[in-house]
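Subject: Structure handover

Hello,

Here is the structure for you to take over. My notes on it come after the model.

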Amino acid sequence: MMNVILTFGTLMALLLAGGNSIAQERCAELLSDANRAEVRTFDASQSLSQKIRDNSPHYWEFSRVNGKSYFAELLNFQGLIVGDTHAGNFIVSRLAGKMQFFIADIKDSGQGPFILDFSRLVLSTHAYLKGHVKMSETAEALISAYKSGLSGAEYKIPKSIRWIFEQTLNDYSKAEQTYVESKVKKQKFKLKEEKLEEISFSYSDPRRFNKLQANIEKAVQESIPDAEILDLAFRPRERGGSVDMARYWALVRTDGQLKILEFKQVSVPSTANYTQQQETFARYERIFKIFWQVTDPLFKLTKLDGDIFLMRPKKSDVFRVKYSSQSKKDIEFGLQLAAYDAYYLGTLHGRQLSDQKYQQALDMNKKSLIERIKKFNKDYMEDLKKSLEYMQGKAL
């Protein structure tokens, strides 16, 4: 199947291998195409797991060019997908006044094939487990959980992760307040300590800054009418999938408590590298309706300074995914959590299906499905590796 891979890494490999000047010029032309998915290289992204999480756009471009060669008829089963499925994007937090398990990072969600959404979860899980578990074993465990979710079956949560579902709303609220208080001093953000900047630093035109500030205040008070905004800050990103997107923090007091609301600029979803997506407001409305099935006034889109931002509360982590840990206990936790993520992903996909045809297609040959996912992900990792090598060499 490698002979069908015609994406960034293959073109880059041709360049590195030499060859005639005409071929090299054509490769360079294709590589410089402004429409190609960016291959992201960050100094902080040393692990394979982090590099995969940073490069969701590249994954979807690879999938668009090569997916049919691996998954054929399974690509026909499509709907709203998460887009960047990995353990850190599934959380337990407050949503619409209740503690819920849900997909929090929805910036890459859009229309696409269910199987590719699931395959990326297998990929990110395998990278996270660092070779402690074979990819075929990871795929088998996650397929079983995923199919349970598709069918709507009850999932027996293992003891090793059960505690994350037992967090009460009261305990979470206390932890959230502790988190907020750690970020502020005398009702102002700790700028230097928290790597924040004064929001006005980003604006040389005072009128433009005043308008931004007014729009932030308006968005907050539409959701929390009694809110008092105590401070605003700008949060630069040093690395990650949202590195070029603006983020603003608002310190709010309501009902005698402090809350941090983040305004995160919305970018083009990585799934747009696979197929054209809806305009932003329609896409997010669909995400809220299908994935969350509730409305929460603290999560909403708003326009600031001509761009679209998602307002959302800064959360307190009920659990942390220890991507860098090598301990047996953390590896076991990671695998059990990924299995539940797969189950939950199955429920999200399953609620969009009107019949059993997708499940039946997955059941046709379990061994073949595992091998297809394994082959696709290994070829993708090789392509990403070559692409990163090229980009890093180019930077030097």
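The notes below cover the nonpolar cores, two residues of one helix, and a bent helix.

This is a predicted model, in which local features need pLDDT of at least 70 and side-chain atom pairs count only at pLDDT 80 or more, while totals for chains, interfaces and linings use all residues. Residues are numbered from 1 along each chain as its sequence is written, and side-chain values use heavy atoms, with hydrogens and water left out.

Nonpolar cores

A nonpolar core here is a set of buried Ala, Val, Leu, Ile, Met, Phe, Trp, Tyr and Cys residues joined through side-chain atoms within 4.5 Å. Buried means under 20% relative accessible area (1.4 Å probe, protein chains only), exposed over 50%, and partly exposed in between.

The largest core has 105 residues, and those touching the most other members are Ile 115, Phe 118, Ile 216, Tyr 248 and Phe 263. Helix H11 (residues 328-350) supplies the largest share of this core, twelve residues. Helices are DSSP runs (H or I, at least four residues), numbered from the N terminus.

Contact means heavy atoms within 4.5 Å. Neighbours within four places in sequence aside, the contacts of Phe 263 include Ile 216, Tyr 248, Leu 304, Phe 309 and Met 311. A second, separate core has ten residues, among them Phe 189, Leu 196, Leu 230 and Leu 258.

Two residues of H11

Leu 345 lies in H11 and is buried, at a relative accessible area of 0%. Not counting residues up to four places away in sequence, Leu 345 touches Val 82, Thr 85, Asp 117, Phe 118, Leu 121 and Tyr 146. Its C-alpha atom is 8.8 Å from that of Ile 103, although the two are 242 residues apart along the chain.

His 349 is also in H11. Is His 349 buried or exposed? His 349 counts as buried because its relative accessibility is 0%. Leaving aside neighbours within four places in sequence, its contacts are Leu 80, Ile 81, Phe 114, Asp 117, Tyr 146 and Leu 150.

Helix H4

H4 (residues 56-71) has 16 residues, but its end C-alpha atoms are only 19 Å apart, against 22 Å for a straight helix; that expected span is 1.5 Å times one less than the number of residues. H4 bends by about 60° at Val 65, the bend being the angle between axes fitted to the seven residues ending there and the seven starting there.

Twelve of the 16 residues of H4 are buried, so this helix is largely enclosed by the rest of the structure. Among the buried ones are Trp 60, Glu 61, Asn 66 and Phe 71. Just after H4, Ala 72 has a positive phi of about 40°.

Regards

How values were computed:
Helices (H or I, at least four residues) and strands (E, at least two) are DSSP runs, numbered from the N terminus.
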